[in-house]
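This report introduces a structure to a reader who has not seen it before. Please look over the sequence and the model first.

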Amino acid sequence: MTSQAVQISVEQNPIILEYLLSVEVIGCAYMLLQIPFAAISVASGNKIGGSKLVSQFLIFTDIIVSLLFASGVGAGFGYTVDEKHDVDAVAFKDVGNDPEYSKLHKDMDKYFDMAHISTGFLLMATVCMTVVTIVSVYSKK
């Protein structure tokens with residue numbers, strides 16, 4: 001019964017999981033694209049692009065990625081909290097002190113804790129991206 005309840009709940013919200021994965025992939029790809037340009041910029045001592053339009057475009061993309069990270073954090077925490085509440089309400093409502101259900105409940109709690117931790121990493125990425133954006137705005141003036 002418990003695995004069935006969890007499976008039904010996850011199958012109803014696959015879009016949230018796909019969104020979280022796509023935000024993480026886009027963020028990683030963006031960071032991997034930025035690393036060589038930043039390294040060249042630091043090594044040569046010149047700003048990337050050189051023109052005001054390129055600088056504004058780079059700031060704009062930094063802001064978009066920051067907003068994507070922030071929306072991913074909201075979706076991740078919201079989804080995890082809702083799913084944990086649903087699993088506790090449906091699967092572990094009246095199980096008593098059965099050791100098998102107790103172990104399963106601890107395993108489910110560990111799963112949701114790992115989901116919170118991974119979403120916390122996305123929150124840290126949001127904060128770091130915001131700091132990078134602020135620093136890049138002031139360094140381009």
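The sections below cover a helix pair, the record annotations and one residue.

## Basis of the model

This is a predicted model, in which local features need pLDDT of at least 70, side-chain atom pairs count only at pLDDT 80 or more, and totals for chains, interfaces and linings use all residues. Residues are numbered from 1 along each chain as its sequence is written, and side-chain values use heavy atoms, with hydrogens and water left out.

## Helix 2 and helix 3

Helix 2 spans residues 14-44 and helix 3 residues 52-90; helices are DSSP runs of H or I with at least four residues, numbered from the N terminus. Their axes come within 9 Å and cross at roughly 150°. The two helices are therefore roughly antiparallel (angles over 145 degrees).

In this pair, residues of helix 2 including Ile-16, Leu-20 and Gly-27 meet residues of helix 3, among them Leu-58, Asp-62 and Gly-76 (contact means heavy atoms within 4.5 Å). The residues of this contact divide into 14 nonpolar, six polar and one charged; Ala, Val, Leu, Ile, Met, Phe, Trp, Tyr, Cys and Pro count as nonpolar, Asp, Glu, Lys and Arg as charged, and the others, Gly among them, as polar.

## Annotated regions

An unreviewed UniProt entry places the feature "transmembrane region" at residues 20-45, 57-79 and 114-138. Over residues 20-45 the chain is 96% helix and 0% strand, with end C-alpha atoms 36 Å apart. Residues 57-79 are 100% helix and 0% strand, and their end C-alpha atoms are 33 Å apart.

## Thr-80

Thr-80 lies in helix 3. Its relative accessibility is 5%, so Thr-80 counts as buried (under 20% relative accessible area, with a 1.4 Å probe and protein chains only). Neighbours within four places in sequence aside, Thr-80 is in contact with Phe-112, Ala-115 and His-116.

Terms used: Axes fitted to C-alpha atoms, helices over the stretch in contact; angles between N-to-C directions. Parallel < 35°, antiparallel > 145°, perpendicular 65-115°, else oblique. UniProt positions renumbered as here; feature names shortened; annotations may be inferred. Buried < 20%, exposed > 50% of the residue type's maximum accessible area, 1.4 Å probe, protein only.
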